[in-house]
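Trainee: Could you take me slowly through one part of this model, the strands of the smaller topic you wanted to discuss, and then place that part in its surroundings?

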Amino acid sequence: MRCTKCGRRAVINLRAHRLALCERHFVERFLEVVERAIRRYSLMSRSSRVLVAVSGGKDSLALWDALTELGYRADGLYIDLGIRRQNYSRISKEKAEAFAEQRGLRLRVFNLKEEHGFAVPELRRGSREVCSVCGIVKRHVMNRVALEGSYHVLATGHNLDDEASVLLSNLLRWNLELLARQGPRAEAWHPKLLPKVKPLCLLTEKETATYALVRGIDYVYELECPFSAGATSIAMKEALNRIEEHSPGTKLYFYTQFLRHRSAFAGERPSAEAVECKSCGLPASGEVCSFCRLLLKSRLRGEKGDN
Amino acid sequence: MLAMLGVSRESVVARVGNRLVTEDYRLRDGDVLELIHAISGG
């Protein structure tokens, strides 16, 4: 297959766009689409100080690389969740650190065990599943580090497949509250919260993987989070890819048309009250935030275990 | 070939040696095809 633009050997066939592209034209287009998402959904400005949440995987490292290439001021944040199975956290951290070092970028590392005495696998005991616990931890730490570092916006590597699969999942359950909240930019509803943005939301997972490989980004591709096996999101993604295989462009249309019409769900969003957690001072929906509740429960379990 | 393996072309990136290839690539003697899974979950 030849590049539609220059006739050189193509590295990717974008069936949704009827485009085959060589390395050079693919990278050019990838950066254009990131910039288009940033402008279309008002994700950040040129003067924004951006903190990119990096996991060592393709999406977050591709995002950090693209933002830097586009001239945005972006630092990285790696959260060491303490997942020892398959050396997952250690290997992921090494990839993130190597990426930052090679490019002279600033990477902040937050070690959960060192800061709070618990790793994610230890926090999960109880009724909550590990992915849910991990989400609470990451949201809390990302916001805290971004706030303390005086950043303007938090960027995550969520791509079109992530967004479309969450949308499908929310629709299948008719979860109107989550539908009202979904989008490429989550506004800060409290002065101690930062806006969260998803600049890769118009690019597929295959495109971010291709970008990472073409750009020579050494990411964790031989390893998945050991707790993600059987995740619902993977089943949703596979279902969407089967549809995409038959009707190229469906994922993009599904998501972008949702964004055009999502105001229909606006009334389903509960008004958030400005309450601050009694323990950490960050915004909470009750007296104590979800993160501090998790820590408290783990400490109580530890004390019981000691006796 | 991907269809025979039950793999969607939307979920993998194919590499032969150090070259990324599109789905029409014809394997030659000595080629080693690496399928890089692009889908992550969690």
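Mentor: What follows begins with the strand pairing in chain B and then turns to the contact with chain A and to chain A itself. Please keep in mind throughout that this is a predicted model.

The part to look at is strand β1 of chain B, residues 12-16, which runs antiparallel to strand β3 of chain B, residues 33-37, and is joined to β3(B) by five bridges. Within that pairing, B:Arg15 stands opposite B:Glu34 in β3(B). Strand β1(B) also pairs with strand β2 of chain B, residues 19-21, again in the antiparallel sense, here over three bridges, and in this pairing B:Val16 stands opposite B:Arg19 in β2(B). The hairpin that β1(B) and β2(B) form has two residues between the strands, and B:Gly17 takes a positive phi near 65° in that hairpin.

Turning from the strands to the partner chain, the contact between the chains takes 15 residues from chain B and 28 residues from chain A. On the side of chain B that touches chain A, five residues are nonpolar, six are polar and four are charged.

Chain A, for its part, has 12 helices and 10 strands. Its radius of gyration is 20 Å, close to the 19 Å that the globule rule gives for 307 residues, so chain A is as compact as a globular protein of that length. The C-alpha trace of chain A spans about 70 × 45 × 40 Å along its principal axes, and 39% of the 307 residues of chain A count as buried.

Definitions and conventions: Residues numbered from 1 in each chain as written. Chains lettered and ligands numbered in written order. Predicted model: local features only at pLDDT ≥ 70, side-chain atom pairs only at ≥ 80, totals over all residues. Contact = placed C-beta atoms within 7 Å. Nonpolar A, V, L, I, M, F, W, Y, C, P; charged D, E, K, R; others polar. Pairing = 2+ DSSP bridges. Helix = DSSP H or I, 4+ residues; strand = E, 2+ residues; numbered from the N terminus. Rg over C-alpha atoms; globule rule 2.2 N^0.38 Å. Buried ≥ 20, exposed ≤ 12 C-beta atoms within 10 Å, placed from the backbone.
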